[in-house]
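Biologist: Could you take a close look at one part of this model for me, and then work outward from there? I'd like the geometry with the cut-offs spelled out.

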Amino acid sequence: MALLNIQDMKIQFPSRRGTVEAVKGISLEVNGGEIVGVVGESGAGKSTIGNAVIGLLEAPGRMTGGVVSLHNERIDNLPFQTLQKIRGRKIGMIFQDPLTSLNPLFTVGQQLVETVRTHLDMSESDARKRAIEMLDEVGIADAENRVDQYPHQFSGGMRQRVVIALALAVNPKLVIADEPTTALDVSIQAQILDLIRKLCKERNVGVIIITHDMGVIAEITDRVAVMYRGKIVELGQTEQVLGRPEHPYTKSLMAAVPRSDVKLDRFPRVSYSDGEVKQHQHIDIHSHWLGKSRDYVQKDGPLVRCENISMRFTSRYSIIPSWRKYFLAVDDVSFDIKHGEIFGVVGESGSGKSTVARMISGLYTPSKGKIYFDNTSVSDLKTDKELDPFRRQIQMIFQDPYSSLNPRMRVFDVIAEPIRHHRLAESKEQVTQIVEDLLEHVELGRQAAWKYPHEFSGGQRQRISIARALATRPRFLICDEPTSALDVSIQAQILNLLKDLQQELGLTMLFISHDLPVIRQMCDRVAVMQNGKIVEVAETEKLFTDPQHPYTQRLLTLMPTLNFQAAV
Amino acid sequence: MLKFIAGRLVQSVFVMLFVGAIAFTLFQFVGDPINSMVAEDATMAEREALRERLGLNDPIVVQFARFAGNMATGDFGFSYQHKRPVSDLIVERLPATLELAGLSVVLALLIGIPMGVYTGLHRYGVISKVFMTLSLIGVSLPTFLIGILFIYLFSVILGWLPSFGRGDTVQLGWWSTGLLTASGWSAIILPAVTLGLFQMTLVMRLVRAEMMEVLRTDYIKFARARGLSNRAVHFGHALKNTMVPVITITGLQIGSLIAFAIITETVFQWPGMGRLFLQAIRQVDIPIMSAYLVMIGFFFVVINLIVDILYYVVDPRLRIDRAKGAN
């Protein structure tokens, strides 16, 4: 008998523009001690299923058909009060972002004790003991003391452990984990997945893991359901589904996962689609404004040279200098980037890789050391007039496509602004022409110019960012985790676009990522950063096949691998 | 924490010195005080003698130092008009204003916060819409008009409540209170509601907006997913997270309630500081004006200090040294 049984579940979201059918009749079973993965792209309806099981569908969404039963008892039609008793008690939930799932104003202990006492008849002190036991069980050292700390005193991975402790505090039989490791580093991700598996087996808990990350699925799940547009297109043992996929969508999804074992020319795209694909008109770069009048001469030697740069932040300020406390984000780093190469920087969060990018782009001034761009020391330039030509040649694409575009500006103005600022066009008509060409070239279409950023999806917004970066005719592009907020299929499109542009325009690129397979596919050379220092710089192929530094070796072993991929 | 408060206290001293300087310049520029003090037929010699006695011939820095010292010890000089020490006048009037402002803040919070929580939770409910419409009236109607309407309705037509004065007061030491007698209570209701109405609607709209923001957060969703009761989620987890902006606004508003109670006090003939100040302006009674200025400045400084300390109480992220918690 299955622990959880979902039969023909249908979920609709009525809206002004007609009803959206998010889930179109899916059936799924979960047994105790089993981990079932639900995988799919965003918008496939996978999170909706989890929310529906626990009765937390966001209004106006509602379940319009099907049956959900837990231990053979129907739970989808229960009154609110009864459902509340099931939440937490019988079904626990783990959310994606550990930084926002805990209430910042209460101690970890208070939140645990409250949860325990809501469901179990326990005294305050017994509940506290229980809280400490739980923290200990999820691997938090010194639980005795840490129980009285606030969430902000824990690191991201530790907070996700607290979240797991909260979800399991009253021994639920089923746990729904919605993207539990997406916001975490590779090494932390491995720890958290281990923890989930351990608790699942020890306590005989059924687990549903919802994710878009094939690596996570391969790593931890027993069975997997692949979702596409509200339907389960394939369901079966993980090994079988990933190793010998049957449905064309699963096949193309598997093929699109960036591979860490071999370098391909282009990222395979998720080719399966049941909608129509619109064709966009590409411009001939070389005869176009974008390619023309590139007012510099290709020289030998490096384009960007960083000499012993360091960045120091003040973590506590005091009037007396010796009382100040500093945090050394980047510590004495040197490297060269050659003309026309894609230089990768990889490392865990906090390793200083974004700080390096910000120093090169001029957003931060290095505390020590010098940065040369085209043999000019940029760090020594002071006035806007001197710096402006360099700012034009160095452009940046940021990680978060949601916050890096001004929501009050039309896309046209977002892209036209740098052209106007640097006076790159001769007339208004030319500006319009350039913006429209750029939008066509990044496959958004010229109509996009008159919309606002919020009308676009994450991948489309990243295309806008790319168009904006190209609008100054840059020589050097800095990409700071440009696709880590995006799905596999969108990621492939964006990375292909960047690769094409790099080749067509002869751009030099600094590419920052924590995703090793992406680095392998994109970059010519790679620097590995740890705690503000570069521990290893090597040709990409050499780094992946023959890593020298122990930290690089460790990173490579932690990378979730799709062992079944050979069959694809 | 202590370091922070000490820093704030030093800042406060500078703010008070600045306010004092403005109050001091009143004496320099708003007419010659000697004229208001001596008889019409005083001779030049008499005037000069008085000028010397009051220290008005000293260098300006010495005069300011003396003025600041006097202010700090609570000596605000003599009222020209009342011929009594200003501090005595203030002690008589201050309790009336503080009771009025205090009660209206309490009303604003006690009614505004629950209304805000309710309208934040039931955004599309009928009652919420009624509250929101009423609150628009509260925000947009000027205080004096509301006061006059209240007097017309409750005093003239219905005859339930008195339209002016403080009713009977009881003396507790130097503090005269109207809150211990029935007539005192019936007298304070109308002005307190009038004064507090704007703050109430402000607090309500603020809490509503903050609640809607907080209810969308992940930790609220996670709290629900753990099966916590609605009461615990709404009032334990959500409301506490809305408090920082509410404290800020309420703090600023208490200051302006005391400072701008003038209009309400005039409409209801309330014997408080505001009316004293208005009379002083009419009579060019500079010592009262400058004392009022310094006092209001003092209230703002104290309230802001309390607000800053309350932040620390409410939000642990400010309280704990960040370096200590990192791992």
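**A hairpin and its surroundings**

Modeller: Let's start with β9 (residues 223-228) and β10 (residues 231-237) of chain A, which run antiparallel and are joined by 6 bridges. Strands pair here if DSSP finds at least two bridges between them, and the elements are DSSP runs numbered from the N terminus, with at least two residues of E for a strand and at least four of H or I for a helix. Keep in mind that this is a predicted model, where local features need pLDDT of at least 70 and side-chain atom pairs need 80 or more, while totals for chains, interfaces and linings use all residues. As for bookkeeping, residues count from 1 along each chain as its sequence is written, chains are lettered from A and ligands numbered from 1 in the order written, and side-chain values use heavy atoms, without hydrogens or water.

Back to the hairpin: A:Val224 sits opposite A:Gly236 in β10(A). There are 2 residues between the strands, and A:Arg229 takes a positive phi near 45° in this hairpin.

Now for the sheets. One is open and has 6 strands in the order β16-β17-β18-β13-β19-β20 (chain A), with mixed pairing. β16 (394-397) and β20 (533-539) of chain A are its edge strands, each with a single partner, so one side of each has no neighbour in the sheet. On average, neighbouring strands of this sheet are turned by 20° against each other, direction ignored. At the β16(A) edge, β17 (residues 476-480) of chain A pairs with β16(A) in the parallel sense over 4 bridges, and A:Ile397 faces A:Cys479 in β17(A).

Two helices lie across β16 and β17 of chain A: α12 (residues 384-393), at about 50° to β16(A), and α15 (residues 458-470), at about 175° to β16(A). Those angles run from 0 to 180 degrees between N-to-C directions, with axes fitted to C-alpha atoms, for helices over the stretch in contact; contact means heavy atoms within 4.5 Å.

Another open sheet has 4 strands, in the order β2-β1-β4-β5 (chain A), and its pairing is antiparallel. Its edges are β2 (18-30) and β5 (73-74) of chain A, each with a single partner strand, so one side of each is left without a neighbour in the sheet. β1 (residues 4-15) of chain A and β2(A) share 10 bridges in the antiparallel sense, with A:Asn5 opposite A:Glu29 in β2(A). Helix α1 (residues 46-53) of chain A crosses β1, β2 and β4 (62-70) of chain A at about 110° to β1(A).

Next, two residues. A:Ala329 belongs to strand β12 (residues 325-338) of chain A and is buried at 6% relative accessibility, where buried means under 20% relative accessible area, exposed over 50% and partly exposed in between (1.4 Å probe, protein chains only). Beyond neighbours within four places in sequence, its contacts include A:Met311, A:Phe313 and A:Gly532. A:Gln491, in helix α16 (residues 488-505) of chain A, is also buried, at 8%. Leaving aside neighbours within four places in sequence, A:Gln491 has contacts that include A:Pro258 and A:Asp515.

Zooming out, chain A has 19 helices and 20 strands. Its radius of gyration is 26 Å, close to the 24 Å of the globule rule for 568 residues, so chain A is as compact as a globular protein of that length; the radius is taken over C-alpha atoms, and the rule is 2.2 Å times the number of residues to the power 0.38. The C-alpha trace of chain A spans about 75 × 65 × 45 Å along its principal axes, and 55% of the 568 residues count as buried. Among contacts in chain A between residues at least 6 apart in sequence, 70% join residues at least 24 apart.

Finally, the partner. The contact between the chains takes 34 residues from chain A and 26 from chain B. The area buried between chain A and chain B is about 2,800 Å², with 57% from carbon and sulfur atoms; buried area is the accessible area (1.4 Å probe) that two parts lose on being put together, summed over both. On the chain A side, A:Phe95, A:Leu105 and A:His152 lose the most area to chain B, together 21% of what that side buries.
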